[in-house]
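Here's a quick tour of some backbone oddities and the cysteines. Have the sequence and the 3D view open as you read.

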Amino acid sequence: MQNETVDVAIAGAGPAGLLLAIELVLGGASVVVLERLAAPDETIKAGAVGALAGEALERRGFGPDMDAEERTMLEAFRAMAKSTGPAGEEMAKKIGKIGGHFAGLFLIDQTRQREPHRRFRGIRQQPLERMLGDRVRAMGIEVRRGHELTDFHDDGQGVQLQVRTPEGARVLRCAYLVGCDGGRSVVRKRAGFEFPGTDPTITGHQAIVELDHPERLLPLGWRRTPVGMLAFGPVPGRIFVVQFEGPPPDRDAPITRDEVEGALRRVSGADVRITSMSTATRFTDNARQATEYRRGRVLLAGDAAHVHSPFGGQGLNLGLLDAVNLGWKLAATLRGWAPAGILDTYTAERHGVAAAVLENTRAQIALMRPDVFTTALRNVVTGLMDLDEGNRFFGDMMSGLRTRYDFGSDDPQVGTYVANLALAQPDRETGLYSWMQEGGGLLVDATGGTASTRSAPWSSRVRTVRVERGTSLLIRPDGCIAWTSAESNMSDLDAALARWFGEPVTPV
């Protein structure tokens, strides 16, 4: 047995766990990531990153990497679409307008949204994990693969972990433990978090395959059939099949080519055979959420805190935003400057956001069922999505861009996530996100220096950039607007600084 101590232990090296590790280290905490798997999981997973999560990654300097990956994805989409003839070529022209879908209705038009430049990013989960992994290594954060958390005890002063490693059992002590270990989280179960919700009603499969007659599944895209839902492409070889006859008899059984082929043939009604299958996954619409995200010194983030069906691609967005919300708060707590109760704001802010996602995924299941009553309802929803306001309603819901935390302010900007605004400085124009890559808060001062002077006692926690025009903004490390000069005064700025960045520091 070997003893060691660290500020935070994170169980799980998926996107949420890796981004949380980055955020914690930027905030000054020491971190170790424990991952049960010996190597990254290459099973097909999420195919895109939501608008808010994409912006969170841009604030940490991942923009160029995301741009490069997205170009690769778009080229593959367009090539496959164009190869299928005139209908595919028409689809290829519309790719830039697609703003996501609701229940397989790809009618959300990005050009009709309130902020069309704030959009989802076409980045698959595996490349994202590689980007995050590269950053984690560059920052010197240790990810211990093949290390399985088997038990732990929160004694009120810290958490004692029992870890199974390739070299034998180890003991690790941390101030806080965060479970980012997925929907079947060991951390959640052993800590005793309640996890209520609704049981699964569907069986879904997603896979990358080669087919003997792929033309028999055309056209590309999503469609509803008399027995389920089917998506073919636009990623080359990708199929997505949903059956509404209950959950799989054994969720943990190995996924076979025959199983996926049978589901594809039943739902599509096409005489197609899978000649090879490189990756496949099975899923349901099990929808559950922990009633709280913190119990003492144990916290949950990502799928460990909430699970739901993959429709709309919202799970990855939720998990990454959990990470950026929790990371700076937990680091501030460890460094000793956190305002009282700041860790409690993590559940308060994030729980309702996830609950809304669970609700809309349940609604999507209801709207996809293969019966005449659902067909009638889909026709009504389609009509609503044809209207500008209806289209924006669904766009807002699926993107999460209208997320607003209740800070008790009447200012509509306060509590929302900031866009990458152009900042006019005396000698140049810069993007707001370029000022946030190292973490910490940011004060955008358009008052001629008055706001900067007031914020000086917090200068070790809040960076200041002076601009020539516009609204002054105080932005938390997670990109959330905490104060603006639009409907506030300087005493309100003092209160917001103290609320989120602790007591002012008197210069020595």
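In which loop does Pro 219 lie? Keep in mind that this is a predicted model. Pro 219 sits in the loop that runs between strand E8 (203–211) and strand E9 (221–225). The bond leading into that proline, from Leu 218, is a cis peptide, with omega near 5°.

There's another cis bond to look at, this one from Gly 233 to Pro 234, with omega near 0°. Pro 234 is also a loop residue, placed between strand E10 (228–232) and strand E11 (238–243). Here are the two side by side:

| Peptide bond | Omega | Loop holding the proline |
|---|---|---|
| Leu 218 to Pro 219 | near 5° | E8 (203–211) to E9 (221–225) |
| Gly 233 to Pro 234 | near 0° | E10 (228–232) to E11 (238–243) |

Next, have a look at Ala 103. Its phi is near 55°, a positive value, and this residue is not a glycine. You'll find Ala 103 in the loop between helix H4 (86–94) and helix H5 (125–138). Is Ala 103 buried or exposed? Ala 103 counts as buried, because its relative accessibility is 0%, under the 20% cut-off.

Now the cysteines. How many disulfides are there? The count is 0, going by sulfur pairs within 2.5 Å. Take Cys 180: the nearest cysteine sulfur belongs to Cys 174 and is 13 Å away, so Cys 180 is in no disulfide under that 2.5 Å limit. Cys 180 has a relative accessibility of 10% and therefore counts as buried. Cys 480 is buried too, with a relative accessible area of 0%.

Technical notes. Residues numbered from 1 in each chain as written. Predicted model: local features only at pLDDT ≥ 70, side-chain atom pairs only at ≥ 80, totals over all residues. Heavy atoms only, no water. Buried < 20%, exposed > 50% of the residue type's maximum accessible area, 1.4 Å probe, protein only. Helix = DSSP H or I, 4+ residues; strand = E, 2+ residues; numbered from the N terminus.
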